Amino acid sequence: PQVKPRALLVDLDGTLYRSAKLFDDVRERINDYIINVLGVPAADANEVSGRLYRQYGLTVVGLMAENYGVDLDGWHKHVHGTLDYAKLLPRNEPLKELLDSLTMPKYIFTNADREHADTCLRQIGIQDCFDGIIAFDCIVDRARELTGNAEGAELMGQVFCKPDRRAFEYALGRIGEESAGATMFLDDSAANIKGAKDAGLQTVLVGSESPCEGADFAIEVFTGLRDAAPHLWQ
C-alpha cells in the first residue's frame with residue numbers, strides 16, 4: 001500500500017507548466033551568453049552548453065566548475081531577465097484548484113533561480129499554493145557561507161543540484177522532513193526521478209505515462225495526479 005506523503009517537493013519547469021517557446025528562448029539566451037559574454041566560438045556553443053548540462057546537471061554549474069568566469073547574477077539576468085513571461089505563461093485555474101486540494105505542505109524544488117520561479121508561479125497564478133521555494137540560489141548561498149565566500153573550484157565543491165543525492169538531502173533538511181520516504185517528489189526529468197528514488201523519496205514522473213527508472217507513478221500532465229495517486233487525497 002502507498003504511504004500518504006507528509007510533504008511534496010515539486011519541480012517547476014516542464015512539470016507545472018510546459019512552454020516550448022520559453023524553453024527555446026532560454027536555450028537561445030544561454031548560447032548567446034556563452035558566445036558573447038564568455039567568448040566561446042559560436043560554432044562550439046551548442047556542444048559546450050549540452051556537455052556541461054549532461055555532466056553537471058546545469059550548464060551554469062559546469063561553467064562555474066570549469067572556470068569560464070561566469071557571474072551568477074549576470075547569468076540569471078541574461079538567461080531569464082528578458083523573457084516575456086506574460087505572453088509565454090497563461091494562468092492555469094485547474095492546476096491551482098488541484099494544488100489547493102492537496103492538504104500537505106508543498107514546496108517548489110528547482111534547479112532554476114528563485115526570481116524565475118517566483119515569476120513563473122505568479123504568471124500561472126499558483127504562487128500561494130506553495131509553502132516555500134528551494135532554488136539554485138539557496139544552494140549557492142549555502143556554499144558561499146560554508147566556504148567564506150570562496151569562488152571557483154573551492155566554491156563549486158559545495159555546489160550541487162538535482163539529480164545529485166546531496167540536493168535531495170538538502171531539500172529534505174530545508175523542509176524539516178527527516179524521512180525521505182514520507183516525501184513525494186514530482187519532476188519531468190528521468191535523471192532527477194532516479195536520483196530522488198536513490199535518495200529514498202516517493203516519485204512521480206510528469207510528462208509521460210511510461211514510467212522511467214525509479215518512478216512510482218507516471219503522468220502525462222500534473223493535473224493527472226488525482227487519477228494516478230488518489231491516496232494523496234485520502
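**Notebook: loops, helix 4, core and pockets**

I began at N149, which counts as exposed at 56% relative accessibility. My cut-offs, with a 1.4 Å probe and protein chains only, are under 20% relative accessible area for buried, over 50% for exposed, and in between for partly exposed. The model is predicted, so I note that local features need pLDDT of at least 70 and side-chain atom pairs count only at pLDDT 80 or more, while totals for chains, interfaces and linings use all residues. Numbering runs from 1 along each chain as its sequence is written, and side-chain values use heavy atoms, with hydrogens and water left out.

**Backbone oddities**

N149 sits in the loop between helix 8 and helix 9. I take helices (H or I, at least four residues) and strands (E, at least two) as DSSP runs, numbered from the N terminus. The phi of N149 is near 60°, positive in a residue other than glycine.

I found a similar entry at N67, not a glycine either, with a positive phi of about 55°. N67 lies in the loop between helix 3 and helix 4, and N67 is exposed, with a relative accessible area of 55%. I flagged both because most residues other than glycine have a negative phi, and most peptide bonds are trans.

On that second point, I looked up the bond from K162 to P163: cis, with omega near 10°. P163 is in the loop between helix 9 (152-156) and helix 10. After helix 10 comes G176, with a positive phi near 70°.

**Helix 4**

Which residues of helix 4 are buried? I get L72, W75, H76, V79 and H80, in a helix that spans residues 72-80. These residues lie on the same side of helix 4 because they cover an arc of only 95° around the axis; the arc is that of the directions from the helix axis to the C-beta atoms. D73 and K77 are exposed on the other side.

Next I checked what covers the buried side. The cover includes helix 1 (20-36), helix 3 (59-65), helix 5 (85-88), helix 7 (114-124) and helix 8 (136-147). From helix 3 I picked T59, which counts as buried because its relative accessibility is 7%. Its contacts (heavy atoms within 4.5 Å), leaving aside neighbours within four places in sequence, are I30, I34, S49, L52, Y53 and W75.

**Core and helix 10**

A nonpolar core here is a set of buried Ala, Val, Leu, Ile, Met, Phe, Trp, Tyr and Cys residues joined through side-chain atoms within 4.5 Å. The largest one has 84 residues, and L16, F222 and L225 touch the most other members. Helix 10 (residues 165-175) gives the most to this core, with six residues.

I followed F222 outward: beyond four places in sequence, F222 is in contact with V10, T15, L16, L95, L98, L99, L186 and V206. In helix 10, the buried residues are A167, F168, Y170, A171, L172 and I175. They pack against strand 1 (7-10), strand 2 (106-109), strand 3 (132-134), helix 8, strand 4 (183-187) and helix 11.

**Pockets**

The pocket search ran on a 1 Å grid over the protein atoms alone: a pocket is an open set of points where a 1.4 Å probe fits, with protein on both sides within 12 Å along at least five of seven lines, and lining residues have an atom within 4 Å of a point. Volume is the space filled by probe spheres set on the points, which are joined across faces, edges and corners.

How much space lies in the largest pocket? I read about 1,000 Å³. Of its 42 lining residues, I30, Y53, G57, L58 and N111 are the closest to the centre. Helix 2 gives the most to this lining, seven residues. By class, the lining of the largest pocket divides into 18 nonpolar, 14 polar and ten charged, where Ala, Val, Leu, Ile, Met, Phe, Trp, Tyr, Cys and Pro count as nonpolar, Asp, Glu, Lys and Arg as charged, and the others, Gly among them, as polar.

The second largest pocket holds about 260 Å³. Its lining has 15 residues, with D73, H76, K77, D113 and E115 nearest the centre. Helix 4, helix 7 and helix 8 each give two or more residues to this lining, and helix 4 has the largest share, five. I count three nonpolar, five polar and seven charged residues in the lining of the second largest pocket.

Last lookup: D137 in helix 8. D137 is partly exposed at 23% relative accessible area and, beyond four places in sequence, touches A112, D113 and R114.
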